[in-house]
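Please work through the exercises below with the sequence and the 3D structure at hand. Each task is followed by a solution in steps.

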Amino acid sequence: MSDAILTFDDVTVQFGGVRACDSISGRVERGSLFALIGPNGAGKTTLVNTISGVYKPLPGAQVQFHPQGEPTEDLLAYRPFQIARLGVARTFQNLGLFMGENVLTNLLLGRYIHEHTRLIEGGLFTRRAVKRELAARQAIERVVDLLDLGAFRRDSVGDLPYGVQKRIEFGRVLAMEPELLMLDEPMAGMSVDEKQDMIRYIYAAQDELDMTVFLIEHDMGVVMSIADHVMVLDFGQKIAEGTPAEMQQDERVIAAYLGTEMVEN
Amino acid sequence: MTAVENPAPRQEEAQTYRPSTLQRFLPFIIAAAVPFILGSTTGDLNFWWKASITVVVLAVVARLAWKWTPRGELTHREDMRLWRTPSDRSWAALTMFGLLVLPFILASDFTPPMGFPWATWFAVVNLVLIFAMGAAAFNLLVGYSGQISLAHVAFLALGSIVGGIVGVQWSGGNMWYALPAAAVAGAVVGAISGLPALRLKHLYLLLATFGFHFVMMLVWREYLQEYFGFVGIRFKGENSPRIASWLHWLPGIDPDQNGEFVITGQFRWYWVLMPITVLSILFMVNVVRTREGRAFAAVRDRDVSASLLGINVARSKLFAFALSSAIVSMSGVLASFYIGSRGEDSFNVQTVLNYAIIIVVGGFSSIQGAIFGSAFFWFLPEWFKWAREELWFVRDIDFLSDYPSEIDLAIKGFLVVVILMFKPDGLAGLWRDFKSWFSRALARSNP
């Protein structure tokens, strides 16, 4: 058995008469960069939502998380906040930031699961609460340095440009120090430069912070250059899986995703 | 990412001037000394002299506080301070000073010109203190945590019930037992009243909590009729709170003839209400700027996003309800003992609306706004009354004198609309604008 961090089996999610995911199975290797691609409406985000506990799949599905050195957890038995505490963090396609709060507060919310200050301790502002608050801020500083967010610490998130907001959300999941990092289109709507920066940040997260990355992305160029393993969805079904090079040759993938003119060639 | 106990200052190369501890606190020591110095020279100086000396001293203090503050990037420990910037610190010192001096001024025999309503102000100030505490807790729940609740007055009634049971029936006028008991009861009942929030949002939650209001009114009426009859509970006279005899050695506590120190009269009440209000507001401010308070805001803005950060949304909502209700219940106990009696019609729906006016005018989701709002709410009628009686161009308008309370309400309602339209962050927002203008002006003069 090779070392998998996440295995999911027979995941079916149904909304009314629509099968957003139809019995999808797969595994994510520890330390790898797993990319999930597919056209719009293919069920990519639905799959991520199922893994992070927001949607419940039909019975028969299995989603298992294998944390390093800990017993395997069945994620379907947990609620979203418990899954986050187990070490599975995710970002949102259309940003899950708290727009009225400043950057520091948003990043500190990423430390919520690691801080342990209770309500009354916080209210009394005890010495221990101060110590923990400082520790959380210190942990944030590393993320701030990594993502070059230093200039924005006290700015309200809603006032910042979109590219920076994407970076802040990425920083917030990094601050959670998850084992499995799920990024839902982190590069959507970015310029080429910003995309390259983001790729750099993802590599840094993977190498320096020792995380496994589960990436949803539309930009084929990006996926082909950085992913270790690619899974392709179309209309809720898995149509192919393999290395990026294999996917570029796969006819079903080309037909479904890359465009028909390549088939004609 | 290992936790480091005390982070190293960032940008040490900035070479900022670091004041010593004594220098840091010197302005506050001077500010604290001013009332004592002035108090000892009562004979020769009149009020205006004292006032001008105070203003000059405070201006110097503010100038020094500004000068002795490190510039450049803050360390995290500095950034976490409640009063971060020099202007914050000057304002805090001013407020502290004001709170300490105010009762002495109000208790003096000073009479301002034109019959300005000085004499009634002491009672108004004490009411503002009680209302500020309740409104801040209300704002913490409604504004900051986003849980729209109308059960506010229900918890004032709960405070009166606990005050009646623990403070009057069990201990014969011991408010000091009733306060913590009300906090505990408020937290428990508040968490229960928050249960609908786990399923409902916005308007539906508002209706559910409004139902809770009527349940509590029923409990209040039953309790009154069971033990007190229609006259209501008497919290004054033999039930007035007093300072225990073993505390009579404290400075400023001179027992009366019968060897008791009864808390009665505006001056004594001020020294009970002011510290309790200040401490409870500080408590809420601290909650808001630490872990659980951040979670409150996160749940308000996007609950799905919050739950994926590991926040237990249900628990966070119940905590917000429990904290808010505990403090509101305590303010209910204080209000009962301060006002002196609570009867069947002491609690009504109008009061909920009054609190809503306070937090909207003061500034939604701002604890500071609750203070401004309640000051506005209580001082406006006073000023209006004064204007009606003394100002020559208002005095002759019969219409205004015929319907005083209706016009009060109309002004308040009009201001709510104006503020919602033009300044949604209320008086607190105006205050922030003024402060930033002030510090910019200061910075321009100190390049």
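The exercises that follow concern a predicted model.

**Exercise 1. Determine which elements of chain B form the side that touches chain A, and which of them gives the largest share.**

Solution.
Step 1. Establish the extent of the contact: 32 residues of chain B are in contact with 37 residues of chain A.
Step 2. List the elements of chain B that give two or more residues to this side: helices H3 (76-79), H9 (265-288), H10 (291-301), H11 (303-308) and H12 (313-339).
Step 3. Identify the main contributor: H10(B), with eight residues, supplies the largest share of the side of chain B that touches chain A.
Step 4. Sort this side by class: it has 16 nonpolar, nine polar and seven charged residues.

**Exercise 2. State the strand order of the open sheet of six strands in chain A, and explain why one side of E6(A) and of E10(A) has no neighbour in the sheet.**

Solution.
Step 1. Read the order across the sheet, which is E6-E7-E8-E3-E9-E10 in chain A, with mixed pairing.
Step 2. Look at the edges: strand E6 (88-90) and strand E10 (237-242) of chain A each have a single partner strand, so one side of each is left without a neighbour in the sheet.
Step 3. Note the twist, which averages 15 degrees from one strand to the next.
Step 4. Examine one pair: E3 (residues 33-37) and E9 (residues 229-234) of chain A are parallel and share four bridges. Here A:Val232 in E9(A) is the bridge partner of A:Ile37.
Step 5. Add the helix: H1 (residues 44-51) of chain A lies across E3, E6, E7, E8 and E9 of chain A, at about 150 degrees to E7(A).

**Exercise 3. Find the edge strands of the open sheet of four strands in chain A, and the residue that stands opposite A:Asp74.**

Solution.
Step 1. Write down the order, E2-E1-E4-E5 in chain A, with antiparallel pairing.
Step 2. Take the strands that pair on one side only: E2 (18-29) and E5 (73-74) of chain A.
Step 3. Follow E5(A) to its partner: two bridges join this strand to E4 (residues 62-65) of chain A. Across this pair, A:Gln64 stands opposite A:Asp74.

**Exercise 4. Name the residues that touch the most other members of the largest nonpolar core, and describe the surroundings of B:Ala136.**

Solution.
Step 1. Recall the background: in soluble globular proteins, nonpolar side chains tend to be buried together.
Step 2. Within the core of 174 residues, the members that touch the most others are A:Leu181, A:Val213, A:Leu215 and B:Ala136.
Step 3. Set aside neighbours within four places in sequence; B:Ala136 is then in contact with B:Ile281, B:Met284, B:Ile367, B:Ala370 and B:Ile371.

Terms used. Residues numbered from 1 in each chain as written. Chains lettered and ligands numbered in written order. Predicted model: local features only at pLDDT ≥ 70, side-chain atom pairs only at ≥ 80, totals over all residues. Contact = placed C-beta atoms within 7 Å. Nonpolar A, V, L, I, M, F, W, Y, C, P; charged D, E, K, R; others polar. Pairing = 2+ DSSP bridges. Core = buried A, V, L, I, M, F, W, Y, C linked by C-beta atoms within 7 Å. Buried ≥ 20, exposed ≤ 12 C-beta atoms within 10 Å, placed from the backbone. Axes fitted to C-alpha atoms, helices over the stretch in contact; angles between N-to-C directions.
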